[in-house]
Amino acid sequence: MADLDHYRNIGIFAHVDAGKTTTTERILKLTGKVHKTGEVHDGEATTDFMDQERERGITIQSAATSCEWDGHRLNIIDTPGHVDFTIEVYRSLKVLDGGVGVFCGSGGVEPQSETNWRYANESEVARIILVNKLDRLGADFYRVVDQVENVLGANPLVMVLPIGTEDDFVGVVDLLTRKAWVWDESGQPENYKLEDVPADMVDKVEEYREKLIETAVEQDDDLLEQYLEGNEPAIEDIKRCIRKGTIALDFFPTYCGSAFKNKGVQLVLDAVVDYLPSPTEVKPQPEVDLEGHETGEFAIVDVDKPFRALTFKVMDDRFGALYFTRIYSGKIKKGDTVLNTATGKTERIGRMVEMHADSREELTSAQAGDIIAIVGLKNVQTGHTLCDPDNPATLEPMVFPDPVISIAIKPKDKGASEKMGIALAKMIAEDPSFRVETDEDSGETIIKGMGELHLDIKVDILKRTHNVDVEVGKPQVAYRETITQRIEDSYTHKKQSGGSGQFGKIDYVIEPGEQNSGFEFESKVTGGNVPREFWPAVEKGFAGMMDKGVLAGFPLLDVKITLMDGAFHAVDSSAVAFEIAAKGAYRQSIPKAGPQLLEPIMKVDVFTPEDHVGDVIGDLNRRRGMIQGQEAGPTGVRVKAEAPLSDMFGYIGDLRTMTSGRGQFSMEFSHYAAVPKNVADEVIKEVKEREASK
């Protein structure tokens, strides 16, 4: 059995274009996994193996691979940086023990880095930081370290200092050993020399080294006392303290380099081994019961404990579906039967493989700490727990956000509709933030996702991977409705038609709820006018109507309904009668409660060269955007704004035109807000016309 202390399950995550995939490539080259390094810009990176990734030069799916360094096994997941695929980052973080946050030396802490960092904080993942691309124009290591402190509110522990910058970047000084690693111009990672610290850096190195040791020894009272008495601890002791503080998230060891030029990657690999936790050193996953309540038990990473694993990703490939699974405890062999607690059904483990991007090695067994892909499971989806049938337990499931944009699609030829159905089913299993519905009235297929690019790529995958040509409708915004006024009202449902009738009377208050509260129901009935056993029926009746608002049929949000009083009939009253009464009450009262249309507001982050800032801000204002602030950087300005999704369609094209192709932006859902009356009237009119034309 492998020694779990020598395992590192890590993710590499960052903003678009900070160099995550290139860093992964260099790690694979250094650890001997690949002999020819693929480049992202040539479309040849090992972990970017989808056509869409190679063409766009971005990572869409997280790819899993493993390698060896210094006697340790590294399981690495290269995650996407684009905001529409944040879900990939989120679900990878759930199953990782440590991470490498990559920041661009010139771009610094970019919007998506903030989102990923927030997710990593929520998942309590220990991280080290790599400030990459120090060979680029405008690169400044010290500025990025400042941003990590001020923008992310994190505590970077500087471990190395760069020698030179931009074109003159040649290597780094390791602060602990006071050795300079200097690479030659061959671009080969192994062509470096260990030299003394350059004379002009000696003071700076001592200043940063002192800070490093002071921060580290705070983790150990005895060492701190010795240090204050003037005794410097041994390097091994300092490393032990750094490891302790990194795992406790007190600070983040910070490195720098240029992955593309192969400079500085070895030190990052050493840091992964030295400072990031093994599977046994992280907080064990809590187990929950079928209702989602924590049981107080934990999946402790131990080969001898009952089997527990979490499927964190499903991927369809030419050999069938692959189920990426992190094993938390126990072990598993080919041919074993496991229980899927989400479906209550058992699954037989046919084939297991260890993934190296898109090639694979067959396995006969796997154990706690491993990340493997299982081939050919039947009813497993992302977030499902696989466990020992004799010792069932569910690991904390993942929560995925609701989509904010939808488009209608239909196959170009009749024969393709069955093919499209099969393809969409596979795509839903792969991506939980992608939803598909059929519009019952028009028979159209509606696909929903996290942004324009997200759905663009889904349509592209349909066409290319599954050979289904589809016609695409106009993007539709996921509007919502709410109410603005408090209403007290009463409703009686009475029906008499021979035999026993139906009777239910309710007096109720409908009022606006707290923001993001969804639907709340409370009963204040006293004295038994509405018997307690009918309260759930009243709640069910109201809840069942919340999907269809009265303005334009969008779901209703943030409403509180209180049942105050009512009346019942000893013979004619039933749960059904009270449920129907609640539905009638909804139809009667919601139109009187000041219904209002809500729209999704997006957090928009635009990067633009300085000379185009005026145009960008003017354009955002025209799109009903509210500018939240702007920050000047060495290569341009970041404009932060909030803007309604409905006005942001096609923005990337307009931004490129305005900035001569140099602008970039990212956008993520922020909150729902009231739609101005003139816009709301337009939306309602459009919906009614669409309904009429069906």
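At what angle do the axes of helix H10 (residues 416-430) and helix H11 (residues 452-464) cross? In this predicted model, the two axes cross at roughly 130° and come within 11 Å, which makes H10 oblique to H11. The crossing of H10 and H11 is right-handed, and its contact brings Ala-423, Leu-424 and Met-427 of H10 against Lys-458, Ile-461 and Leu-462 of H11. By residue class, this contact of H10 with H11 consists of five nonpolar residues, no polar ones and one charged one.

**The chain as a whole**

The secondary structure of the chain amounts to 16 helices and 38 strands. Of its 694 residues, 55% are buried, and among contacts with a separation of 6 or more, 71% join residues that lie 24 or more positions apart.

**A second helix pair**

Helix H6 (residues 202-217) packs with helix H8 (residues 235-247) at an angle of about 65°, and their axes are 8 Å apart. The crossing of H6 and H8 is left-handed. On the H6 side the contact is made by Leu-212, Ile-213, Ala-216 and Val-217, which meet Ile-238, Cys-241 and Ile-242 of H8; these residues divide into seven nonpolar, no polar and no charged. The two pairs are set out below.

| Helix pair | Axis distance | Angle | Citation |
|---|---|---|---|
| H10 and H11 | within 11 Å | roughly 130° | |
| H6 and H8 | 8 Å | about 65° | |

**Helices H14 and H15**

Helix H14 (residues 613-622) has as its buried residues Val-613, Val-616, Ile-617, Asp-619 and Leu-620. These residues cover an arc of only 160° around the axis, and therefore they sit on the same side of H14. The face of H14 turned away from that buried side carries the exposed residues Gly-614 and Arg-622. The packing partners of the buried residues of H14 are strand S35 (595-608), strand S36 (626-632), strand S37 (637-644) and helix H15 (651-658). Just after H14, Arg-624 adopts a positive phi of about 60°.

In H15, the buried residues are Tyr-651, Leu-655 and Met-658. Seen down the axis of H15, its buried residues fall within an arc of 65°, so they line one face of the helix. The elements covering these residues of H15 include H11, S35, H14 and strand S38 (664-674). Thus H11, which crosses H10 at roughly 130°, is also among the elements that cover the buried residues of H15. After H15 comes Ser-660, whose phi is likewise given as positive, near 50°.

**Lys-640 in strand S37**

Is Lys-640 buried, partly exposed or exposed? Lys-640, which is placed in strand S37, counts as partly exposed because its relative accessibility is 24%. Strand S37 is itself one of the elements against which the buried residues of H14 pack. Leaving aside neighbours within four places in sequence, Lys-640 is in contact with Glu-114, Val-604, Asp-605, Met-626, Ile-627, Gln-628, Gly-629 and Glu-631. One of these contacts, Val-604, is 36 residues from Lys-640 in sequence, while the two are 5.9 Å apart in space, C-alpha to C-alpha.

Technical notes
Residues numbered from 1 in each chain as written. Predicted model: local features only at pLDDT ≥ 70, side-chain atom pairs only at ≥ 80, totals over all residues. Heavy atoms only, no water. Buried < 20%, exposed > 50% of the residue type's maximum accessible area, 1.4 Å probe, protein only. Helix = DSSP H or I, 4+ residues; strand = E, 2+ residues; numbered from the N terminus. Arc of directions from axis to C-beta. Contact = heavy atoms within 4.5 Å. Axes fitted to C-alpha atoms, helices over the stretch in contact; angles between N-to-C directions. Parallel < 35°, antiparallel > 145°, perpendicular 65-115°, else oblique. Left-handed = near helix turned anticlockwise from the far one by under 90°. Nonpolar A, V, L, I, M, F, W, Y, C, P; charged D, E, K, R; others polar.
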